[in-house]
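Hi everyone, thanks for making time this morning. Let me put the structure up, and then we can walk through a few of its side chains together.

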Amino acid sequence: MTRVAVLGTGKMGGAIARRLKSGGFEVSVWDRKKSKAETLGVGRVADSPADAVRDAEIAISSVTGPQAVREIYFGPAGVFEAAAGKTLLEMSTTGPAIGQELADAALQKGAKLVQAPVMGSVPAVESGTLIILASAERVDDLEAARPVLQTLGEVHFVGGIGSAPALKLIANSMLAIVSAAAAELMVAGTRHDLDPAQIFWVLTRVAPGLKLRQRGFVENVHQPAMFAVRDLVKDLDLGLGLYQPPVPLTFLARQLFAAVAARTPDLDISAIVSEYAKENAR
């Protein structure tokens, strides 16, 4: 069995670990909160990132942002202390800035870095239907990790280091803009006595991806969160730091979601429809 270390056992990291275990891989896990890793019950719980990676062939990191990535790779007992000969799959949404730093360090340690942010949430992990955007110094660097990635979903190699994280920010910016537009139109249509279910049906004919959030947009059920508002705001900040201005729609979407995050940061991004409804009720 291929040995895989999963670093970060939040919603996505935990789902990834479970999917790989059920797919026949030997899994070890690490999380800052050891109890969170222990509750998964998928394999050995490591004491540190280096401990998790030491006996693995493939290491997957799935954490909250650039600073967390830097800490688990470069920090005390970090990945790079045990990275020689490993393929490192960095699957967090971090933006492209940290990529070359990681790639250079991986090269020095005799490891290969593959950036592999994903499109999709926990249900897509569980069904093996994630869209995985992969970037690496060479396309051949993916080969050792391809069976792991294909267990999780559909792999698209998009270019050199930095390109996959940048493309992921584009995707999440589009998600924010479409979701904000859908919330606005749901409220506008409801004010004119249109049936919310019919409004949403029309919107999903134009933007099929909205269907995943029907309970949120139509029934105002925003938990459990597939994608928390605070995480989308983080990604929009990363995107705005990357894009060349002007990007007025992305900027406005960030303002709208930041207002939601200030009140309900842990709800799903569909909670923006409730925010619009409150604003229009004033």
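Asp 237 and Arg 254 make a salt bridge, with their closest N and O atoms 2.7 Å apart; by salt bridge I mean a side-chain nitrogen of Lys or Arg within 4 Å of a carboxyl oxygen of Asp or Glu. Asp 237 sits in helix H11 (residues 229-242) and Arg 254 in helix H12 (residues 248-263), so this pair ties together parts that are 17 residues apart in sequence. Helices here (H or I, at least four residues) and strands (E, at least two) are DSSP runs, numbered from the N terminus.

Are these two partners buried or exposed? Asp 237 is partly exposed at 37% relative accessible area, and Arg 254 is partly exposed too, at 26%. On that scale, buried means under 20% relative accessible area, exposed means over 50%, and partly exposed is in between, with a 1.4 Å probe and protein chains only.

Before I go on, please keep in mind that this is a predicted model: local features need pLDDT of at least 70, side-chain atom pairs count only at pLDDT 80 or more, and totals for chains, interfaces and linings use all residues. Residues are numbered from 1 along each chain as its sequence is written, and side-chain values use heavy atoms, with hydrogens and water left out.

How many salt bridges does a search of the whole structure find? The count is 14. Among them is the one between Asp 141 and Arg 138, at 3.1 Å from N to O. Asp 141 has 4% relative accessibility, so this residue counts as buried. Another joins Arg 146 to Glu 143, again with closest N and O atoms 3.1 Å apart. Arg 146 is partly exposed at 22%, and Glu 143 is partly exposed at 43%.

Now for an acid without such a partner. Asp 31 lies in the loop between strand E2 (26-30) and helix H2 (34-40). Asp 31 is buried yet has no salt bridge, and the nearest side chain of opposite charge, Lys 36, is 4.3 Å away. For charges, Lys and Arg count as positive and Asp and Glu as negative, while His and the chain ends are not counted.

What does the side chain of Asp 31 reach? One contact is the backbone nitrogen of Thr 9, at 2.8 Å, and another is the backbone nitrogen of Lys 33, at 2.9 Å.

Let's turn to the aromatics. The whole structure has 3 aromatic pairs. Rings of Phe, Tyr and Trp (its six-membered ring) pair if their centres lie within 6.5 Å; planes under 30 degrees apart count as stacked, over 60 as edge-to-face and the rest as tilted. Tyr 73 and Phe 80 have ring centres 5.4 Å apart and planes at 55°, so they form a tilted pair. Phe 74 and Phe 80 are also tilted, with centres 5.1 Å apart and planes at 55°. Together, ring pairs link Tyr 73, Phe 74 and Phe 80 into a cluster. Within that cluster, Tyr 73 and Phe 80 are both buried, with Phe 80 at 7% relative accessibility, whereas Phe 74 is partly exposed at 37%.

That's my tour, so please jump in with questions!

Conventions: Polar contact = N/O pair within 3.5 Å; in protein donor to acceptor, adjacent residues only side chain to side chain.
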